[in-house]
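Trainee: I would like a close look at a single part of this model, with the whole chain as background. Please take it in one connected answer.

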Amino acid sequence: MTLTEALRAATIVATDILDSKNLGAIRAGMVADVVAVDGDPTDDIAALRKVRFVRTCL
């Protein structure tokens, strides 16, 4: 599994499994945990250890 596939499995694919209509996108009316990291985790998974901020949007 590539880094991108692993990230998708932990995020987007998980929302499909939960079958929730208000998860999986960033737009009005959706529920989201937004995490900003310093770097590109699809290039270097260690970037996930460099979290800049986390925001829960309801």
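Trainee: What does the accessible surface of the protein chain come to, and what percentage of it belongs to carbon and sulfur atoms? After that, please turn to strand β2 and what Cys 57 in that strand touches.

Mentor: The accessible surface of the protein chain comes to about 4600 Å², and carbon and sulfur atoms hold 56% of it. This is a predicted model, and the mean pLDDT of the chain is 82, with 97% of the residues at 70 or more. Confidence is highest in helix α1 (residues 3-10), where the mean is 84, and lowest in helix α2 (residues 12-18), where it is 78.

Some background on the chain comes before the strand. The protein chain has two helices and two strands, which follow one another along the sequence as α-α-β-β. Its C-alpha atoms fill a box of roughly 30 × 25 × 15 Å along the principal axes. The chain has 58 residues, of which 10% count as buried. Of the contacts between residues at least 6 apart in sequence, 30% join residues at least 24 apart. As for charge, there are 7 positive and 8 negative charges, and their mean positions are 6 Å apart.

Now to the part you asked for. Strand β2 covers residues 51-57, and Cys 57 belongs to it. The relative accessible area of Cys 57 is 28%; it is therefore partly exposed, since the buried class ends under 20% and the exposed class starts over 50%. Leaving out residues up to four places away in sequence, Cys 57 touches Met 30, Val 31, Ala 32 and Val 34.

Two of these partners can be followed further. Met 30 sits in the loop between α2 and β1. Its C-alpha atom is 7.7 Å from that of Cys 57, although the two residues are 27 apart in sequence. Met 30 has 10% relative accessibility and counts as buried because the limit for that class is under 20%. Ala 32, in turn, is placed in strand β1. At 13% relative accessibility, Ala 32 is also buried. Beyond its neighbours within four places in sequence, Ala 32 is in contact with Ala 25 as well as with Arg 55, Thr 56 and Cys 57. The contact of Ala 32 with Cys 57 thus appears from both sides.

Two C-alpha separations add scale to this picture. Cys 57 and Ala 28 lie 29 residues apart along the chain, with 9.4 Å between their C-alpha atoms. For Ala 32 and Met 1, which are 31 residues apart along the chain, the separation is 25 Å.

Strand β2 also takes part in the one salt bridge of the structure. The side chains of Asp 38 and Arg 52 form it, at 3.1 Å from N to O. Asp 38 lies in the loop between β1 (32-37) and β2 (51-57), while Arg 52 is in strand β2, so the pair ties together parts that are 14 residues apart in sequence. Asp 38 is partly exposed, with a relative accessible area of 39%. Arg 52 is exposed, at 60%.

One point from helix α2 can be set beside the strand. Ile 12 is in that helix and is partly exposed, with a relative accessible area of 35%. Its C-alpha atom is 8.6 Å from that of Leu 23, eleven residues away in sequence.

To go back to your question, strand β2 holds Cys 57, which is partly exposed and touches residues that include Met 30 and Ala 32. Both of those partners count as buried. Arg 52, elsewhere in β2, is exposed and pairs with Asp 38.

Definitions and conventions
Residues are numbered from 1 along each chain as its sequence is written. This is a predicted model: local features need pLDDT of at least 70, side-chain atom pairs count only at pLDDT 80 or more; totals for chains, interfaces and linings use all residues. Side-chain values use heavy atoms; hydrogens and water are left out. Helices (H or I, at least four residues) and strands (E, at least two) are DSSP runs, numbered from the N terminus. Buried means under 20% relative accessible area, exposed over 50%, partly exposed in between (1.4 Å probe, protein chains only). Contact means heavy atoms within 4.5 Å. Accessible areas come from the Shrake-Rupley method with a 1.4 Å probe; for residues, only the protein chains shown count as cover. Lys and Arg count as positive and Asp and Glu as negative; His and the chain ends are not counted. The place of a charge is taken as NZ of Lys, CZ of Arg, CG of Asp or CD of Glu. pLDDT is the predictor's confidence in each residue, from 0 to 100. A salt bridge is a side-chain nitrogen of Lys or Arg within 4 Å of a carboxyl oxygen of Asp or Glu.
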